[in-house]
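Let's take a walk through a protein model together. Have the picture ready, and turn it around as you read.

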Amino acid sequence: MESSRSSKMAAVFVIIFLLVAASEAAISCSDVIKDLRPCVNYLVNGSGKPPAVCCAGASALASAASTSDEKKAACNCIKSASKNINIKSELAQALPKNCGISLPFTFSPNTDCSTVG
């Protein structure tokens, strides 16, 4: 009887652990960078419309960052990365519109990510 009770308790703890882990899952900076890597050359040296591969990555990021916490995390990753790259601000600000996506923040080292929601 005692081992049956122990098994049930262990199962309950496993389920709780999985639920907590799933609820805390967030987008990582490596995911954000991977999605936006095809945009770097365009944002630094480009003009006009972004390349399709850049828009595909930006679209993947927009889909992956669905919760408020994920959007803030993505914003902070982009903000941090953009400090190390001299991007053309007009291209960065127009990127979501030019790719036909919606992002609640701009690609800039000056973005206030605390207001992203």
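Before we start, one word to pin down: a residue is called buried when its relative accessible area is under 20%, and exposed when that area is over 50%. Keep in mind, too, that what you're looking at is a predicted model.

**The overall picture**

So what is the protein built from? The secondary structure comes to 6 helices and 0 strands. Read from the N terminus, the elements go α-α-α-α-α-α. The protein has 117 residues, and 30% of them are buried. About 7300 Å² is exposed, with 58% of that supplied by carbon and sulfur atoms. If you take the contacts with a separation of 6 or more, 75% of them are between residues 24 or more positions apart.

**Helix H6 and its two sides**

Now find helix H6, residues 89-99, where the buried residues are Leu91, Ala92, Leu95, Pro96 and Cys99. Why do these count as being on the same side of H6? Because they cover an arc of only 140° around the axis. Here's a handy bit of background: an α-helix has 3.6 residues a turn, so residues three or four places apart point the same way. Swing round to the other side of H6 and you'll meet Glu90, Gln93 and Lys97, which are exposed. The cover over the buried residues of H6 includes helix H3 (40-45) and helix H4 (52-64). Just after H6 comes Gly100, with a positive phi of about 75°.

**Helix H2 and its neighbours**

Helix H2 (residues 29-36) is next. Its buried residues are Val32, Asp35 and Leu36. Looking down the axis of H2, you'd see these within an arc of 85°, so they line one face of the helix. Ser30 and Lys34 are exposed, on the face turned away from the buried side of H2. Among the elements covering the buried residues of H2 are H3, H4 and H5.

How do we describe two helices that pack together? By the angle between their axes and the distance between the axes. For H2 and H5, the axes come within 9 Å and cross at roughly 65°. The crossing of H2 and H5 is right-handed. On the H2 side, Cys29, Val32 and Leu36 make the contact, and on the H5 side the partners are Ala74, Cys77 and Ile78. Sort the residues of this contact by type and you get 6 nonpolar, no polar and no charged.

**Four residues to look at**

Here are four residues you can click on, with their relative accessibility.

| Residue | Relative accessibility | Status |
|---|---|---|
| Leu61 | 0% | buried |
| Ser82 | 8% | buried |
| Asp35 | 11% | buried |
| Lys71 | 21% | partly exposed |

Start with Leu61, which is found in helix H4. Which residues does Leu61 touch, leaving out those up to four places away in sequence? They are Ile27, Val32, Asp35, Leu36, Ala74 and Ile78. Look at Val32 in particular: Leu61 and Val32 are 29 residues apart in sequence, and their C-alpha atoms are 6.4 Å apart in space. You've already met Val32, as part of the H2 contact with H5.

Asp35 has its place in helix H2. With residues up to four places away in sequence not counted, Asp35 touches Gly57, Ala58, Ala60 and Leu61. At 11% relative accessibility, Asp35 counts as buried because the cut-off for that word is under 20%.

The last two residues both bring us to H5. Lys71 lies in helix H5, which spans residues 68-82. At 21%, Lys71 counts as partly exposed, because buried would need a value under 20%. Residues up to four places away aside, Lys71 touches Ala65, Ser66, Pro104, Phe105, Val116 and Gly117. Take Val116: along the chain Lys71 and Val116 are 45 residues apart, and their C-alpha atoms are separated by 6.7 Å.

Ser82 lies in helix H5 as well. Apart from neighbours within four places in sequence, Ser82 is in contact with Ile87, Ser108 and Pro109. Go back to your picture and see whether you can find each of these partners.

Note on methods:
Residues numbered from 1 in each chain as written. Predicted model: local features only at pLDDT ≥ 70, side-chain atom pairs only at ≥ 80, totals over all residues. Heavy atoms only, no water. Helix = DSSP H or I, 4+ residues; strand = E, 2+ residues; numbered from the N terminus. Buried < 20%, exposed > 50% of the residue type's maximum accessible area, 1.4 Å probe, protein only. Contact = heavy atoms within 4.5 Å. Areas by Shrake-Rupley, 256 points an atom, 1.4 Å probe, with all protein chains shown as cover. Axes fitted to C-alpha atoms, helices over the stretch in contact; angles between N-to-C directions. Left-handed = near helix turned anticlockwise from the far one by under 90°. Nonpolar A, V, L, I, M, F, W, Y, C, P; charged D, E, K, R; others polar. Arc of directions from axis to C-beta.
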